[in-house]
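Here is a short report on one protein chain. Look at the sequence and the fold before reading on.

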Amino acid sequence: MEMELNDTDCPVTATIALFGGRWKLPILYILSKNTRRFGEIQVRVPSISKKVLTNQLRELEADGLISRKQYKELPPRVEYTLTEFGKTLCPLLINIAAWQRQSMDMLNKANNSL
């Protein structure tokens, strides 16, 4: 008898729900290197709109993966950094980046055959 699993039973599905989507992993990867201001993140992800970046940062903050620190200055300065919980993703992010570099040829061949 096969056991039926729903999405909540799958750790991969649950993990992807936490940081899934097009932009969250790149944002986390950028923040894994250093604390960044909004504009610094946007420069490193140039095809993201300000609205989408704002929403993604809010979601990552709500999920406890990043923290936001606002300084009482003029002009206002806001910095984003990984939380301790967010830092636990660093080995995963490093492995994803290493896999991509090692697999570049295979990925290019696969994309060219489409």
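The report covers the annotated domain, the cysteines, one unusual peptide bond and the salt bridges.

## Model and annotated domain

This is a predicted model. An unreviewed UniProt entry places the feature "domain: HTH hxlR-type" at residues 10-108. Helix accounts for 62% of that span, and strand for 14%. The C-alpha atoms at its two ends lie 30 Å apart.

## Cysteines

How many disulfides does the model contain? The count is 0. A pair would need its cysteine sulfur atoms within 2.5 Å.

Two cysteines can be placed by their accessibility. Cys10 has a relative accessibility of 24%, so this residue counts as partly exposed. Cys90 has a relative accessible area of 18% and is buried. The cut-off for buried is under 20%, which means that Cys10 falls on one side of it and Cys90 on the other.

## A cis peptide bond

Most peptide bonds are trans. The bond joining Leu74 and Pro75 is cis, with omega at about -5°.

Where does Pro75 sit? Pro75 is in the loop between β2 and β3. Strand β2 covers residues 66-71, and strand β3 covers residues 77-82.

## Salt bridge between two helices

The model has 4 salt bridges. One of them pairs the side chains of Glu59 and Lys24, at 2.7 Å from N to O. Glu59 belongs to helix α4 (residues 50-62), and Lys24 belongs to helix α2 (residues 24-33). The pair therefore ties together parts that are 35 residues apart in sequence.

Are the two partners buried or exposed? Glu59 is partly exposed, at 37% relative accessibility. Lys24 is buried, at 5%.

## Salt-bridge network

Which residues form a network of salt bridges? Glu73, Arg77 and Glu79 are linked in this way. Arg77 takes part in both of the contacts described here. The side chains of Glu73 and Arg77 meet at 2.9 Å, N to O. Those of Arg77 and Glu79 meet at 3.0 Å, N to O.

Glu73 has a relative accessible area of 37%, so this residue is partly exposed. Arg77 and Glu79 have numbers within the range of strand β3, residues 77-82.

Terms used. Residues are numbered from 1 along each chain as its sequence is written. This is a predicted model: local features need pLDDT of at least 70, side-chain atom pairs count only at pLDDT 80 or more; totals for chains, interfaces and linings use all residues. Side-chain values use heavy atoms; hydrogens and water are left out. UniProt positions are given in the numbering used here, feature names are shortened, and annotations may be inferred rather than shown by experiment. Helices (H or I, at least four residues) and strands (E, at least two) are DSSP runs, numbered from the N terminus. Buried means under 20% relative accessible area, exposed over 50%, partly exposed in between (1.4 Å probe, protein chains only).
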